[in-house]
Amino acid sequence: MKKVVAILAVLCVACAVFAQESRSLTETDPAMTADAARQALREVSLDLFEREGSWNARISPDVGVISGRLFEGGPYTNLSDEDRAAKIDLPAEVKDSDNSHVFGVKVEFFRRGVNSFYITAARPIPIEGVTKTVSFWAAGRNQNHKITMLVQDYFGNSFEVYVGTLAFSGWKRMTVAIPPSPDGSRGIVQQSAYFGERPGLRIVGFRIDCDPETAIGSYYLYLDDLRAVTDLYAMENRDADDPSDAW
């Protein structure tokens, strides 16, 4: 008799758990709904690589010689209007005529080895709001080198965000998600109610870690159209007569 009662008790508990899990698949989580309602995601253009001197390239002099400059062209130069819109879809404030150049880097290695080189902005690029993703176009010449984005958070702390490998031919749009801070004090912190107003994330540049087997001879890399998807809810919903805390 005791065994029968125990079995019935286990079955009741299992049914209750199953019912609870089944409801979780169909019911809406109020916390998730509220979080989504407090977002105003916008895609913004950060840099089109159109200005001479706005980006720099450097490498250790023991590794090789590096040079960087602008070139005419882009990932959609020879596309039709329809294909261009489907492939790159520039933000509304940017015209096709404003994006006619790319930034090219040439590295001449002295020897094979575990090498890295850097592409950095002359001045860190600020992003207003809370950045969700950053994207850019790259032509990596199908080499198994890895690219990492260098950023600074709200407090000026430096972080590295791995983007991916450059082992592909032609142009490719590369996108990386910015991991949120778990508690507002650790990780990449993008906002704080205690230190006034300022952009939450700044892009410093990129580091390319070269594959030792293919880091020989000359290597070419081209970048274009740096942009971000950012949450501007706090900025767009501020009252017109609400004074700014940036003083």
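Here is a chat about how the labels on this predicted model follow from its values.

Me: Before we start, what are the ground rules for this model?

Reply: It's a predicted model, so local features need pLDDT of at least 70 and side-chain atom pairs count only at pLDDT 80 or more, while totals for chains, interfaces and linings use all residues. Residues are numbered from 1 along each chain as its sequence is written, and side-chain values use heavy atoms, with hydrogens and water left out.

Me: How many helices and strands does the protein have?

Reply: There are 4 helices and 11 strands. Both are DSSP runs numbered from the N terminus, helices being H or I with at least four residues and strands E with at least two.

Me: What makes Arg173 and Glu43 a salt bridge?

Reply: The rule asks for a side-chain nitrogen of Lys or Arg within 4 Å of a carboxyl oxygen of Asp or Glu. Arg173 and Glu43 come to 2.9 Å, N to O, so by that cut-off they qualify. The pair links distant parts of the chain, with Arg173 in strand 9 and Glu43 in strand 1 (residues 41–47), 130 residues apart.

Me: Which residues share a network of salt bridges with Glu43?

Reply: Arg173, Asp225 and Arg227 are linked with Glu43 in that network. Arg227 meets Glu43 at 3.2 Å, N to O. Since Arg227 lies in strand 11 and Glu43 in strand 1, the pair ties together parts that are 184 residues apart in sequence. Arg227 also bridges to Asp225, with the closest N and O atoms 2.5 Å apart. The whole structure has 7 salt bridges.

Me: Why is Arg227 called buried, and why is Glu43 called partly exposed?

Reply: Buried means under 20% relative accessible area, exposed means over 50%, and partly exposed is in between (1.4 Å probe, protein chains only). Arg227 has 1%, so it is buried. Asp225, also at 1%, is buried too. Glu43 has 32%, so it counts as partly exposed, and Arg173 at 31% is therefore partly exposed as well.

Me: How do you know that Tyr154 and Phe155 are an edge-to-face pair?

Reply: A pair of aromatic rings is described by the distance of the centres and the angle of the planes. Rings of Phe, Tyr and Trp (its six-membered ring) pair if their centres lie within 6.5 Å; planes under 30 degrees apart count as stacked, over 60 as edge-to-face and the rest as tilted. Tyr154 and Phe155 are 5.2 Å centre to centre with 80° between the planes, so the edge-to-face label fits. The protein has 6 aromatic pairs by this rule.

Me: Why is Tyr154 called buried?

Reply: Its relative accessibility is 3%, so Tyr154 counts as buried. Phe155 has 35%, so Phe155 is partly exposed.

Me: What makes Arg58 sit over the ring of Tyr118?

Reply: The test wants NZ of Lys or CZ of Arg within 6 Å of the ring centre and within 35 degrees of the ring normal. The charged end of Arg58 is 4.3 Å from the centre of the Tyr118 ring, so the distance part is met.

Me: Which residues does Asp211 touch?

Reply: Not counting residues up to four places away in sequence, Asp211 touches Asn144 and His145; contact means heavy atoms within 4.5 Å. Asp211 and Asn144 are 67 residues apart in sequence and 5.9 Å apart in space, C-alpha to C-alpha. Asp211 has a relative accessible area of 16%, so it is buried.
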